[in-house]
Amino acid sequence: MAGTGLFAEILEGDVYKYYADGEWRNLLLGKLLLSSTPLPERLNTKFKEVNKVIDAAKSAQKSWAKTPLWKRAELLHKAAAILKEHKAEIAECLVKEIAKPAKDAVTEVVRSGDLVSYCAEEG
């Protein structure tokens, strides 16, 4: 299964990808992250990977804090526009993952975009 459209960058075959520390990375555990397994070494690997992503996010936050307010607002407005532009695909994920009614899912995505725009304006 490959990702399509909005999700083409995050799913390559059966391997999930994530963006951290300025680059796209393959999820080391692939599908194993989505299944529960009693094997301690696999769980330990999963936690190490999650910790790496958290460390990368902490590092990115420091540079984000140095970004001028106007630039952060500009980027947040772009993020809000992307949410609204792809509301149907994102809403479809909500429907599949949490069984949210389709109409409510679209409303949630649009409201999330509005909230991101609001945060951009409020700083």
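This short presentation describes the helices of one protein and how they pack.

Good morning, colleagues. Please bear in mind throughout that the model before you is predicted.

I begin with the overall layout. The protein has 123 residues, and 18% of them count as buried. It contains four helices and three strands. Along the sequence, these elements follow the pattern β-β-β-α-α-α-α. Among the contacts in the protein with a separation of 6 or more, 33% join residues 24 or more positions apart. The accessible surface comes to about 9000 Å², and carbon and sulfur atoms account for 59% of that surface.

I turn now to the packing of the helices. In general, two packed helices are described by the angle between their axes and the distance between the axes.

Consider helix 2, residues 69-85, together with helix 4. Their axes are 8 Å apart, and the packing angle is about 170 degrees. Angles over 145 degrees count as roughly antiparallel, so helix 2 is roughly antiparallel to helix 4. By class, this contact has 10 nonpolar, four polar and three charged residues. On the side of helix 2, the participants include Ala73, Leu76, His77, Ala80 and Leu83. On the side of helix 4, they include Val109, Val110, Gly113, Val116, Ser117 and Ala120.

One residue of this contact merits a closer look. Ser117 lies in helix 4, which covers residues 102-122. Is Ser117 buried or exposed? Its relative accessible area is 17%, and the cut-off for buried is under 20%; Ser117 is therefore buried. Leaving aside its neighbours within four places in sequence, Ser117 is in contact with His77 and Ala80. Both His77 and Ala80 belong to helix 2.

Helix 2 also packs against helix 3. Here the angle is about 70 degrees and the axes are 5 Å apart. Angles of 65 to 115 degrees count as roughly perpendicular, which is why helix 2 and helix 3 are described as roughly perpendicular to each other. Leu83, Lys84 and Glu85 of helix 2 make this contact with Lys87, Glu89 and Ile90 of helix 3. By class, the contact has two nonpolar, no polar and four charged residues. Leu83 and Lys84 also take part in the contact of helix 2 with helix 4.

Finally, a word on helix 3 itself. Helix 3 has 12 residues, from 87 to 98. From its first C-alpha to its last it reaches 16 Å, close to the 16 Å expected at 1.5 Å a residue. Just after helix 3, Ala99 takes a positive phi of about 55 degrees.

Thank you for your attention.

Methods:
Residues are numbered from 1 along each chain as its sequence is written. This is a predicted model: local features need pLDDT of at least 70, side-chain atom pairs count only at pLDDT 80 or more; totals for chains, interfaces and linings use all residues. Side-chain values use heavy atoms; hydrogens and water are left out. Helices (H or I, at least four residues) and strands (E, at least two) are DSSP runs, numbered from the N terminus. The expected span of a helix is 1.5 Å times one less than its number of residues. Buried means under 20% relative accessible area, exposed over 50%, partly exposed in between (1.4 Å probe, protein chains only). Contact means heavy atoms within 4.5 Å. Accessible areas come from the Shrake-Rupley method with a 1.4 Å probe; for residues, only the protein chains shown count as cover. Axes are lines fitted to C-alpha atoms, for helices over the stretch in contact, and angles run from 0 to 180 degrees between N-to-C directions. Angles under 35 degrees count as roughly parallel, over 145 as roughly antiparallel, 65 to 115 as roughly perpendicular and the rest as oblique. Ala, Val, Leu, Ile, Met, Phe, Trp, Tyr, Cys and Pro count as nonpolar, Asp, Glu, Lys and Arg as charged, and the others, Gly among them, as polar.
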